[in-house]
Amino acid sequence: MIPKYYEFQNSTKILSGEFALENIPTELKMLNAKRPLFLSDETLKQIGTLQIVLDAIEKQDFKVGKIYTQIPPDSDLELIKKIAKIYKEENCDSIIALGGGSVIDTAKGVRMVLSQEIEDIRNLMGAEILTYGKHIPFVAIPTTAGTGSEVTAVAVILEKLKQIKMEFISYNLLPDVAVIDFRMTKTLPKKIAASTGMDALCHAIEAYTCLQKNPMSDAYAISAIKLIGENLIESVEKGSKIARIAMANASMMAGVSFSNSMVGLVHAIGHALGGVCKVPHGNAMNILVPFCMKYNMDKIGEKYGEILLYLAGEEVYLNTPKDKRGEKTVKIIEEMKEKLNKLTGLPITLKEAGVKKEDLPEVAKKAINDGAIIVNPKEAGYEDVLEILQEAY
Amino acid sequence: MRARTKIITFGKKEISKIVLFFLYRAFKVSYYLDTNIEKEIKKWKENMQIEIKTCENGPFLILKKSNNQIKRIKRNDTKSDISIQFKSLDSAFLMLTGRLGVAKAYAEHRFILKGDISEAMSFVRCVDIIESYLFPRVITKRILKAKYKKQKSSILMYVHILINR
């Protein structure tokens, strides 16, 4: 059904596959950039991923302006200001971000400071405040297949003083170019591949079922679910090139989808679990997704049923009665969780993830104030969330 | 602009002013009449200011929590903690006349939300509850995700809104 109104934007150019990294200099030149600031983290430097990208760029006779790798998992305002200062001091004219969600979100924050020509980005917190500003060419290279941050209009940055995670939502945050190259996920540990893969699945499922689903976001979500259904287990188990590039594409497409149609209950609770109990985001998604789907079943069971075709294939879909397809989708996801647990030890309950039962009320309290809960198709209050958490424990 | 469009826009602005006034009064009285609204507002920090703007220069409502009361700020030049500014008067009008819920309006990117999104969630819950009182079931069934169990009758709420206490 076509919605009465919707908005959709994905202006990021995608480079995906063989020798994608080698094309970065050309893309930068087309964006009138000559001296990029290269952002990454220490782990990627140590395991050699950073060097692979540098080699790919430098062999095209292109030099980066400055490399900065001291980016922690939760970047704060001070660090962003510091990096923006380095950018100016080194006369850089563009940004390359290599990493997971943290590095890419940091780059988005730095770009905000530079393009808006301000010191303090706190006043830009919220949804769609950001104006276009000065154009800072921005290339994102994801090293996990999950966050989709390379194509999302969202950035989360820590406010250390108040200990809050500031959320920025704007289409003006979208990178100019996203580069997906199988070399970037070669060293990804199995457990992280599993966890981030389930995060991508969650993005796609919630994008396909939340309040602002639309034909454009549906197309991306369906393609992402299909790729995840076919490749997640193989990418974790065997780590084949094809499966890894498929998962990276799935993550990117799920990112495009949820960036436009938003995520719901699973993410609202997952964010709270991360904040209160420090459960890694992908692990929280993996644990919560079937429980939240069961909660939403009476409202959007039919939509979950449609997902079955893409997640499990024609045969399973056709052999399942129409009114049972939603439940079957949940069952398939539970089976995926079991398989990933056997392969990597990825926790399947909150208890296994190290969550203390006494923290659950605090998690529920935080979850109902998360922005994602508003677009969940079914109302979820404190008691409802607490019940889901207890079931997932 | 055509004369017809001018008249319709004028009408929409005037109706929006009335609805926003009712919304303000509803916030003020429901704080005493509904324990869930009371609980939500009590969690707001002192002097918390929230504004709803129907469009750039259109009718607006600014609410401020002060001494455990909800007050209306009439000046439009103060900085609010949370600002909800609709992208067009027509989008705001859809919401103010019960044809679009807050959740759906947010999902459809109908407004610009400035400030901490998590702080805005409490305000959204309050608006949902108030809409349950102000609009008949036939409307709330369409715009709200769940039926709210009203603690007082809508008639009583309207009486309090009209007598302002």
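1. A convenient place to start is chain B, where B:Lys65 has B:Ile70 as its bridge partner in strand E3(B). The two strands concerned, E2 (residues 60-66) and E3 (residues 69-73) of chain B, run antiparallel and are joined by 5 bridges; strands are taken here as DSSP runs of at least two residues and helices as H or I runs of at least four, numbered from the N terminus, and two strands pair if DSSP finds at least two bridges between them. E2(B) and E3(B) form a hairpin with 2 residues between them, and in that turn B:Asn67 has a positive phi of about 50°.

2. The model is a predicted one, in which local features need pLDDT of at least 70 and side-chain atom pairs count only at pLDDT 80 or more, while totals for chains, interfaces and linings use all residues. Residues are numbered from 1 along each chain as its sequence is written, and chains are lettered from A and ligands numbered from 1 in the order in which they are written.

3. Between the chains, 23 residues of chain A are in contact with 18 residues of chain B, a contact being a pair of residues whose C-beta atoms, placed from the backbone, lie within 7 Å. On the side of chain A that touches chain B, strands E5 (126-127) and E8 (164-169) of chain A each supply at least two residues. That side has 13 nonpolar, 4 polar and 6 charged residues, where Ala, Val, Leu, Ile, Met, Phe, Trp, Tyr, Cys and Pro count as nonpolar, Asp, Glu, Lys and Arg as charged, and the others, Gly among them, as polar.

4. Strand pairing also crosses from one chain to the other, since E5(A) and strand E5 (residues 111-114) of chain B pair in the antiparallel sense over 2 bridges. Within this pairing, A:Ala127 stands opposite B:Leu113.

5. Chain A is assigned domain 1 (13-183) and domain 2 (188-392), with bounds that come from an automatic or database domain assignment. The centres of these two domains, taken over C-alpha atoms, are separated by 27 Å, and their contact takes 19 residues from domain 1 and 24 residues from domain 2.

6. A:Ile24 lies in helix H1 (residues 24-30) of chain A and is buried because 23 other C-beta atoms lie within 10 Å, the cut-offs being 20 or more for buried, 12 or fewer for exposed and partly exposed in between, with C-beta atoms placed from the backbone. Leaving aside residues up to four places away in sequence, A:Ile24 touches A:Ala56, A:Ile57, A:Val139 and A:Val179.

Terms used
Contact = placed C-beta atoms within 7 Å.
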